[in-house]
Structures are given as structure tokens and as C-alpha cells.
Amino acid sequence: GLTRLVEQAEAATREGRPYLLLTDEHMDERRAAIPMILAVSAVHSHLVKKGLRKKASILVRTSECIDVHALAVLIGAGATVVNPYLAEATIAERYG
């Protein structure tokens, strides 16, 4: 799965797509998510090796980001933007 992910990211970048969205929203019984830190770092590293990293932003939408440390790790691994959708939904449910 990781090989396919980095190949798709490379192809999208070469096609001129300026944003790459990585999300774990569509998991089910048949599709397990790749840990987001692994996915982000693999895509980032692959694009750097191919000389394409500056041509695309890596946007992340994940349920794994539940604290500031996880956010910092994702940014440090190469994410341009992180949307912690589960954390946001939990806060909205609790205080909304």
C-alpha cells in the first residue's frame, strides 16, 4: 500500500496537482489505514528524492492527531497542513 501511495503522489505531482490530500477517513473492514506519520514521511521523502517536493503541498486529514505532539510530528515529517477531524468533532460534541 505504501508503494502505491508514493507512486500516486509522484504521478499527481508530475501532472501539476499542487495539493496532495492524505486521509484516513475511508477505513473499513477491507481497507486498513496506513499510520499517518508513516504515510506523510514516505510521501515527503519520495518527493524529495525525485526533486518534486516543492511542487506540491501535503494536506493531512486524520483521526490519529489527538494532541499537540502528534500535530508537531506530522508537520515535522512533511505535512503542510493538518486537520485533526476526530479531535475537532470530539471538542464540538463536548462543548458545542
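Tyr85 sits in helix α4 (residues 85–95), where helices (H or I, at least four residues) and strands (E, at least two) are DSSP runs numbered from the N terminus. The model is a predicted one, so local features need pLDDT of at least 70 and side-chain atom pairs count only at pLDDT 80 or more, while totals for chains, interfaces and linings use all residues. Residues are numbered from 1 along each chain as its sequence is written, and side-chain values use heavy atoms, with hydrogens and water left out.

At 19% relative accessibility, Tyr85 counts as buried; the label buried means under 20% relative accessible area, exposed means over 50%, and partly exposed is in between (1.4 Å probe, protein chains only). Tyr85 and His26 are 59 residues apart in sequence, and their C-alpha atoms are 13 Å apart in space.

Strand β3 (residues 81–83) holds Val82, and Val81 has its place in β3 too. Val82 is buried, with a relative accessible area of 14%, whereas Val81 comes out as partly exposed at 42%. From Val81 to Ile58, 23 residues apart along the chain, the C-alpha separation is 6.8 Å. For Val82 and Val6, 76 residues apart in sequence, the C-alpha to C-alpha figure is 19 Å. Ala56, in the loop between α2 and β2, is buried as well, with a relative accessible area of 4%. Between Ala56 and Met36, 20 residues apart along the chain, the C-alpha atoms are separated by 18 Å.

Turning to charge pairs, a search of the whole structure finds 5 salt bridges, a salt bridge being a side-chain nitrogen of Lys or Arg within 4 Å of a carboxyl oxygen of Asp or Glu. One of them links the side chains of Arg61 and Glu25, at 2.9 Å from N to O. Arg61 belongs to strand β2 (residues 57–61) and Glu25 to the loop between β1 and α2, so this pair ties together parts that are 36 residues apart in sequence. Both partners have some accessible area: Arg61 is partly exposed at 28% relative accessibility, and Glu25 is partly exposed at 35%.

Asp28 takes part in salt bridges with two arginines. With Arg31, the side chains meet at 3.3 Å, N to O; with Arg30, the closest N and O atoms are 3.9 Å apart. Salt bridges that share partners join Asp28, Arg30 and Arg31 into one network. Within this network, Arg30 is exposed, with a relative accessible area of 71%. Arg31 counts as partly exposed at 45%, and Asp28 is partly exposed at 29%.

On the nonpolar side, Ile37, Leu38 and Val73 make a surface patch of about 200 Å². Patches are made of residues with over 30% relative accessible area and no salt bridge, with like charges joined within 9 Å and nonpolar side chains (Val, Leu, Ile, Met, Phe, Trp, Tyr) within 5 Å. The accessible areas come from the Shrake-Rupley method with a 1.4 Å probe, and for residues only the protein chains shown count as cover. Val73 comes from helix α3 (residues 68–77) and, at 32% relative accessibility, counts as partly exposed.

Last comes the largest pocket, which holds about 540 Å³ of space. On a 1 Å grid over the protein atoms alone, a pocket is an open set of points with protein on both sides within 12 Å along at least five of seven lines, whereas in a cavity a 1.4 Å probe fits but cannot get out; lining residues have an atom within 4 Å of a point. Grid points are joined across faces, edges and corners, and the volume is the space filled by probe spheres set on the points. Of the 22 residues lining the largest pocket, the closest to its centre are Arg4, Leu5, Thr23, Ala32 and Ile34. The elements giving two or more residues to this lining are α1 (2–14), β1 (19–23) and α2 (36–49). By class, the lining has 13 nonpolar, 4 polar and 5 charged residues. Here Ala, Val, Leu, Ile, Met, Phe, Trp, Tyr, Cys and Pro count as nonpolar, Asp, Glu, Lys and Arg as charged, and the others, Gly among them, as polar.
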